[in-house]
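Here are a few short exercises to work through with the model open in your viewer. Try each task before you read its solution.

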Amino acid sequence: MPKNKKRSSSSSDSDSGPDDRNPPAKKLAAAPSKKKTKDEDEGFHLGNNRFVKVREFRGKVMVDIREFYEKDGELLPGKKGIALSATQWKKFKDMVNDIDEKLTEVA
């Protein structure tokens, strides 16, 4: 038979369960949203948390078209997006009129 464990005496007759030795940490109020604007980071907002930004990556200047997500009041770059080199960007710009023409045919 198991030995009886000693119970600590309590000033209350009700059993409310064991005392929590480590109470949960208090949650801090969420910081106000700090969504960046064009003036702060030289990006261009396309809507729906999508931005076009010119940035340097591994020593190359890229045009980055990316969807951002909000975490802890900050907008962070997500996986969804594309980064075009200067050469690819120029080629894309040359195609814009043809793309617009196709778009009007489909729509």
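**Exercise 1: a residue and its partner**

Find the residue of S2 that His 45 faces. The model is predicted, so please read every value below as computed from it.

*Solution.* Begin at His 45 and look across to S2: the residue opposite is Phe 51. Next, take in the strands themselves. S1 covers residues 43–47 and S2 covers residues 50–57, and the two pair in the antiparallel sense through four bridges. Finally, follow the chain from S1 to S2: they form a hairpin with two residues between them. One residue of that turn, Asn 48, has a positive phi of about 50 degrees.

**Exercise 2: the next hairpin**

How many bridges join S2 to S3, and which residue is the bridge partner of Glu 56?

*Solution.* Step one is the count: eight bridges link S2 with S3 (residues 60–71), and these strands run antiparallel. Step two is the partner: Glu 56 is matched with Val 61 in S3. Step three is the connection, a hairpin with two residues between S2 and S3. In its turn, Arg 58 has a positive phi of about 50 degrees.

**Exercise 3: checking a helix length**

Work out the span to expect for H2 and set it against the model.

*Solution.* H2 runs over residues 86–106, which gives 21 residues. The expected span is 1.5 Å times one less than the number of residues. For H2 that comes to 30 Å, and the C-alpha atoms at its ends are 29 Å apart, so the two values agree. Now look along the axis as well: H2 bends by about 45 degrees at Val 96.

**Exercise 4: one leucine**

Is Leu 75 buried or exposed?

*Solution.* First locate Leu 75, which lies in S4 (residues 74–85). Then apply the cut-off: buried means under 20% relative accessible area. Leu 75 has 7% relative accessibility, so Leu 75 counts as buried. As a last step, find Asn 49, which is 26 residues away along the chain; its C-alpha atom and that of Leu 75 are separated by 8.3 Å.

**Exercise 5: the whole chain**

Write down the order of helices and strands along the sequence, then describe burial and surface.

*Solution.* Start with the inventory: two helices and four strands. Along the sequence they follow the pattern α-β-β-β-β-α. For burial, 12% of the 107 residues count as buried. For contacts between residues at least 6 apart in sequence, 16% join residues at least 24 apart. The accessible surface is about 10400 Å², with 52% of it belonging to carbon and sulfur atoms.

Methods. Residues are numbered from 1 along each chain as its sequence is written. This is a predicted model: local features need pLDDT of at least 70, side-chain atom pairs count only at pLDDT 80 or more; totals for chains, interfaces and linings use all residues. Side-chain values use heavy atoms; hydrogens and water are left out. Two strands pair if DSSP finds at least two bridges between them. The bend at a residue is the angle between axes fitted to the seven residues ending there and the seven starting there. Buried means under 20% relative accessible area, exposed over 50%, partly exposed in between (1.4 Å probe, protein chains only). Contact means heavy atoms within 4.5 Å. Accessible areas come from the Shrake-Rupley method with a 1.4 Å probe; for residues, only the protein chains shown count as cover.
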